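Me: I should like a close look at a single part of this structure, treated in one connected account. Please set that part in the context of its surroundings.

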Amino acid sequence: MYLTGQVRAYADTGIGKQLMAAALTTLGQADYAQAVLWVLEDNERARRFYEAAGWRPDGAAVVDTTGGAALNKLSYGHRLG
């Protein structure tokens with residue numbers, strides 16, 4: 001997967017893990033029981049990142065045609081609290 005220059009500068013620095021942990025903590029403190037996100041099926045790097053952080057595919061999938069291209073997206077869930 002191609003990363004832009006700005007994104008590449010922060011790849012593998014741990015900042016994404018810190019941001020993810022902070023977001024999950026904040027959602028848990030707000031009494032949410034579960035978080036859900038959508039990720040491109042072909043984005044293996046992002047899927048590995050989310051799975052390492054405890055996210056799991058929940059079986060939902062969609063084809064997003066916004067912008068004219070068909071993009072397969074998978075839903076991931078994460079239990080909070």
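How many residues lie between β2 and β3 in the hairpin that they form, and which residue in the turn has a positive phi?

Reply: The model is a predicted one, and the description below starts from the turn and proceeds to the strands and the core.

In the hairpin formed by β2 and β3, six residues lie between the two strands. The residue in the turn with a positive phi is G67, at about 85 degrees.

Strand β2 comprises residues 56-64 and pairs with β3 in the antiparallel sense, over six bridges. Within this pairing, R56 stands opposite G77 of β3.

The hairpin also holds a salt bridge: the side chains of D64 and K73 meet at 2.6 Å, N to O. A search of the whole structure finds one salt bridge. As to the surroundings of this pair, D64 is buried, because its relative accessible area of 18% is under the 20% limit. K73, at 22% relative accessibility, counts as partly exposed.

Strand β3 (71-79) further contributes to the largest nonpolar core, being one of the elements that supply at least two residues each, together with α2 (15-29), β1 (34-40) and α3 (44-52). That core has 11 residues, among them W55, L74, Y76 and L80. The most is given by β1, with three residues.

A35, another member of the core, links this account back to the hairpin. Apart from residues up to four places away in sequence, A35 touches L24, L27, W55, Y76, G77, H78 and L80. G77, listed among these contacts, is the residue that R56 stands opposite.

Technical notes
Residues are numbered from 1 along each chain as its sequence is written. This is a predicted model: local features need pLDDT of at least 70, side-chain atom pairs count only at pLDDT 80 or more; totals for chains, interfaces and linings use all residues. Side-chain values use heavy atoms; hydrogens and water are left out. A nonpolar core is a set of buried Ala, Val, Leu, Ile, Met, Phe, Trp, Tyr and Cys residues joined through side-chain atoms within 4.5 Å. Buried means under 20% relative accessible area, exposed over 50%, partly exposed in between (1.4 Å probe, protein chains only). Helices (H or I, at least four residues) and strands (E, at least two) are DSSP runs, numbered from the N terminus. Contact means heavy atoms within 4.5 Å. A salt bridge is a side-chain nitrogen of Lys or Arg within 4 Å of a carboxyl oxygen of Asp or Glu. Two strands pair if DSSP finds at least two bridges between them.
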